Amino acid sequence: MAPPENIAVIGAGSWGTALAKLLGDKGFSVDLWAHRPDHVAGLLRDRENTTYLPGFPLPTTVYPTADLAQAVSNKPVVVMVVPSHVYREVFTLLAPHLAPNAAIISATKGVENETLLTMNQVMAEVLASLRPDFKGQLGVLAGPSFAKEVAAGIPTAVTVAAPTIEGARFFQDIFHTERFRVYAGTDVIGMELGGALKNIVAIAAGICDGLGYGTNTRAALITRGLAEITRLGVAMGAKPLTFSGLAGMGDLVLTCTGDLSRNRQVGLKLGQGKTLQQILAEMKMVAEGIKTTRSAMALAKKIGVEMPILEQVYAMIYEDKPCGEAVQSLLGRDSKEEMEEV
């Protein structure tokens, strides 16, 4: 497949803006879609996303727009970067305007609450219903990548996946730069689940930090959290090795330890005694782990996979269980062999 000249990035939050900047700096012509006309007006006026990614001027090759149809029409590549809870709505609106052979890659990390589908599964379902003529490919971008650091050109490594390695390499070539190293694979479901579920563990890590626990606790939580993610992923058809890579352990470590992690910040404030309502009122951007906790809990119950960390995060977020009690519930579990469950 020949490299494209024009790309649509759907979603102008911090991550969407960072990817649009990366692609624009690489020389692509990028239509960056935002759903609010006032947001688009600000992007056009300031040539910078002062709300979600301040301090990083947009290259002249990035064209902000509020016209969804215009953004995706005739584009050979579409990058989806809208939050998971509006993903289906936005994709349903743009699907009729997609080129029949477009390559669509999701950079959103979440699981739909109502259907328990990943974002690639949501796209496949919508396309089957609205675009039976669609012959393009779907993919996913995942891995440890804070938007601010990518925009600043700090060396970063991520991974892309598609059903075929040829498709994955097509996406790899689009995003790869000297400072944004892209690996390729075919485990789409594994990479999506790794990217989504790590946000839940990051909330737990933040809670432990907020309670004043140390690095011993955080290391244990990350390791056991990875075991939970792997169990659920393998039960859903993912490859176990995926979770030791960038979309698994890499993204998990970053999100559980980095101060730029919104999910860790949510947990930190919960551990310090704030309510979820207070925390959400203070946030400008979405912490995907809050909604993903609900869908992951439903998935674990449906499939029959034991996920004790997830269960306690769910209890703290949705059942108002005190953070200290949740930690004691984890520590009070029966002793087990470490590798028995992995």
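In this predicted model, eight strands form an open sheet with mixed pairing, in the order β5-β2-β1-β6-β7-β8-β9-β10. Its edge strands are β5, residues 62–65, and β10, residues 180–185, and each of these pairs on one side only. From one strand to the next, the twist averages 25 degrees.

Two helices that pack on this sheet can be described by the strands they touch. Helix α5, residues 119–130, touches β6 (77–80), β7 and β8. The direction of α5 makes about 160 degrees with that of β8. Helix α7, residues 165–175, also packs on the sheet, with β1 (6–10), β6, β7, β8, β9 (156–161) and β10 as the strands it touches. The angle between the direction of α7 and that of β10 is about 175 degrees.

Within the sheet, strand β7 (residues 103–106) and strand β8 (residues 137–142) run parallel and are joined by four bridges. Which residue of β8 stands opposite Ala103? It is Gln137.

Another pairing involves strand β3 (residues 48–49) and strand β4 (residues 53–57), which are antiparallel and share two bridges. Together β3 and β4 form a hairpin, with three residues between them. Asn49 has Leu53 in β4 as its bridge partner.

The next topic is empty space in the model. The second largest pocket has a volume of about 580 Å³, and 25 residues line it. Nearest its centre lie Arg224, Ile309, Leu330, Leu331 and Arg333. Four elements give two or more residues to the lining of this pocket: α8 (188–210), α9 (215–235), α14 (308–318) and α15 (323–331). Helix α9 gives the most, with six residues.

The model also has one cavity of 30 Å³ or more. The largest cavity has a volume of about 50 Å³. Its lining consists of Leu197, Ile200, Val201, Gly225, Glu228, Ile229, Met307, Ile309 and Leu310. The elements giving two or more residues to this lining are α8, α9 and α14. Ile309 is named both among the residues nearest the centre of the second largest pocket and in the lining of the largest cavity.

The table sets out the residue classes of the two linings.

| Space | Nonpolar | Polar | Charged |
|---|---|---|---|
| Second largest pocket | 13 residues | three residues | nine residues |
| Largest cavity | seven residues | one residue | one residue |

Helix α14 also holds a pair of aromatic rings. The count of aromatic pairs in the model comes to two. In the pair of Tyr314 and Tyr318, the ring centres are 5.1 Å apart and the planes stand at 40 degrees. Why does this pair count as tilted? Planes under 30 degrees apart count as stacked and those over 60 as edge-to-face, with the rest tilted, so the 40 degrees between Tyr314 and Tyr318 makes the pair tilted. Tyr314 and Tyr318 are separated by about one helical turn, because they are four residues apart in α14.

Methods
Residues numbered from 1 in each chain as written. Predicted model: local features only at pLDDT ≥ 70, side-chain atom pairs only at ≥ 80, totals over all residues. Heavy atoms only, no water. Pairing = 2+ DSSP bridges. Axes fitted to C-alpha atoms, helices over the stretch in contact; angles between N-to-C directions. Contact = heavy atoms within 4.5 Å. 1 Å grid on protein atoms, 1.4 Å probe; cavity = no way out; pocket = protein on both sides within 12 Å on 5 of 7 lines; lining within 4 Å. Points joined across faces, edges and corners; volume = space filled by probe spheres on them. Nonpolar A, V, L, I, M, F, W, Y, C, P; charged D, E, K, R; others polar. Phe/Tyr/Trp six-rings, centres within 6.5 Å; stacked < 30°, edge-to-face > 60°.
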